[in-house]
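Reader: I'd like a close look at one part of this model, plus a quick word on its cysteines. Here's what I have open.

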Amino acid sequence: MVQKLHRTHPTTPTRCALMLAAPSQDWNVFQQIFVEHWDGFKHVYPRYNKPYYDGLVDKMLGCGNPEKMGYREYRCLHCGQGTHRVAMSCKSSLCLRCAKVYVDNWVSQVSRMLHEGVIYRHIVLTVPAMLRQTFYQQSKAVLSPFMRCGVRCLDDVFSQVHGKPLTGGYIMVIQTHGRNGQYNPHLHCIATSGGWDQAAQQWIHLDYVPYPLLRKKWQWHLLTMLRQTVKTKEIQRLVDACYRRYREGFVTNVQKGDVPARYQSLATYLAKYVVSPPISLRRIDRYDGQRVTYHYRSHKSEHVERETVAVYTFIGRMIQHVFPKGFQRIRYYGVQATKTFATIKRVIQEALAKVQGIVKGAIKIIAPMTYRQRYQQSTGRDPLRCPHCQREMGLWRIWHPTYGVIYDELEEMRRGKYASQETRAAPDGGDRRALRAASGGVPVSLFGLR
């Protein structure tokens, strides 16, 4: 059965009465769409009627609810009155709230994986429209080979430009959505401007990448991968049609290499394009129970455009970008491979030092943001500062819906966490053991605690 892409859908039935239009900033709007229509959507699109997708939706709907996801509770250990409860995140790939944390962590991770003194470029490798249906239907089979063939293409281009085999470094990220949420698979690559010449044991910098060569090479590598992975007559027909229609090769975008002083901004710049979700909450304008209106900035016009779609179409445009369980959408290849990164890094630094090609202090490691930092950045208020005595609150309790109470500070107090024992002389001259506050401990008021 041919599986349809989620572009349009006729009038969609709803199990509930029409709800009033709500602003896009309300997280409940996104949740409400799935609450009302997920069951109906699965019957229309049985591809998603599986426990895996049900689990993702359930976790997303519970995100922000401490009773469903568990929580960490903080309490002021000085006055005993200030409290703050933090719900655990669902970490569902469908959750738009968790996407912000994912992006921050990705930026920090990538900033640690850049070689000092090496210039990087942002390269985008696209898929023509006539192949997108195939990618959607055969996603499990082609997505991993898709990423690998991008690496082979760039190594091929670099080696041909240099005239000798080169191994480049690539942080490859797969993205399957366009700006309007439709299925549009493409690869974002943070690529070294050059590669490692194993025979000469030196780093070769390439000042430019011939655009026409890259287009033709990408076309050949991509179509060869599809022909070898999906061995059907239909694929052979599409491959032949692509060669006839795209005589100049497939579309690729190569940005000018970033100078070393801008390394620290490269990951931050790419984050919103590379690992962002198919839509953000602020882009949802209205929902009336049957249709959803959202806006996006069009690539073609470079203007903000609005689109109103049936609610099933909207759900489809969100769920179709969920990768199979265990799929790694960010991968490291060549001299960026995580297994050999430390060894290769030392070799590259030594090679660059010989030709005085290294630039000291060019890379800035971006530390991952904590919940406290993100909260302060968003609201301007410290969530762990007691509103009563203005002192810092401490961890009080951790609870999980499956494992129950994981940590309880009150129980720790009863066990003597904040007390130490020392020998004192009793009034009658004998010895006895008395308790006093431990070094570094804090006096705790139990007023109002339960």
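How far is the sulfur of Cys-189 from the closest cysteine sulfur, and which residue holds that one? After that, please walk me through strand β10 and what it pairs with.

Author: Sure, and keep in mind that this is a predicted model. The closest cysteine sulfur to that of Cys-189 sits in Cys-153, 9.8 Å away, which is too far for a bond. Cys-189 itself counts as buried, because its relative accessibility is 1%. Cys-63 is also without a bond, because its closest cysteine sulfur, in Cys-95, is 3.7 Å off, and a disulfide needs the two sulfurs within 2.5 Å. Cys-63 is buried as well, since its relative accessibility is 8%. By that rule, the disulfide count comes to 0.

Now for β10, which spans residues 291–297 and is mostly covered, with 5 of its 7 residues buried. One partner is β9, residues 284–287, paired with β10 in the antiparallel sense over 3 bridges. In that pairing, Arg-286 stands opposite Thr-293 of β10. The β9 and β10 hairpin has 3 residues between the strands, and Gly-289 takes a positive phi near 100° there.

Another partner is β11, residues 304–310, which runs antiparallel to β10 and is joined to it by 7 bridges. Here Tyr-294 faces Glu-307 of β11 as its opposite residue. These two strands make a hairpin too, with 6 residues between them, and Glu-302 in the turn has a positive phi of about 60°. So β10 pairs with both β9 and β11, since DSSP finds at least two bridges in each case.

Notes:
Residues are numbered from 1 along each chain as its sequence is written. This is a predicted model: local features need pLDDT of at least 70, side-chain atom pairs count only at pLDDT 80 or more; totals for chains, interfaces and linings use all residues. Side-chain values use heavy atoms; hydrogens and water are left out. Buried means under 20% relative accessible area, exposed over 50%, partly exposed in between (1.4 Å probe, protein chains only). Helices (H or I, at least four residues) and strands (E, at least two) are DSSP runs, numbered from the N terminus.
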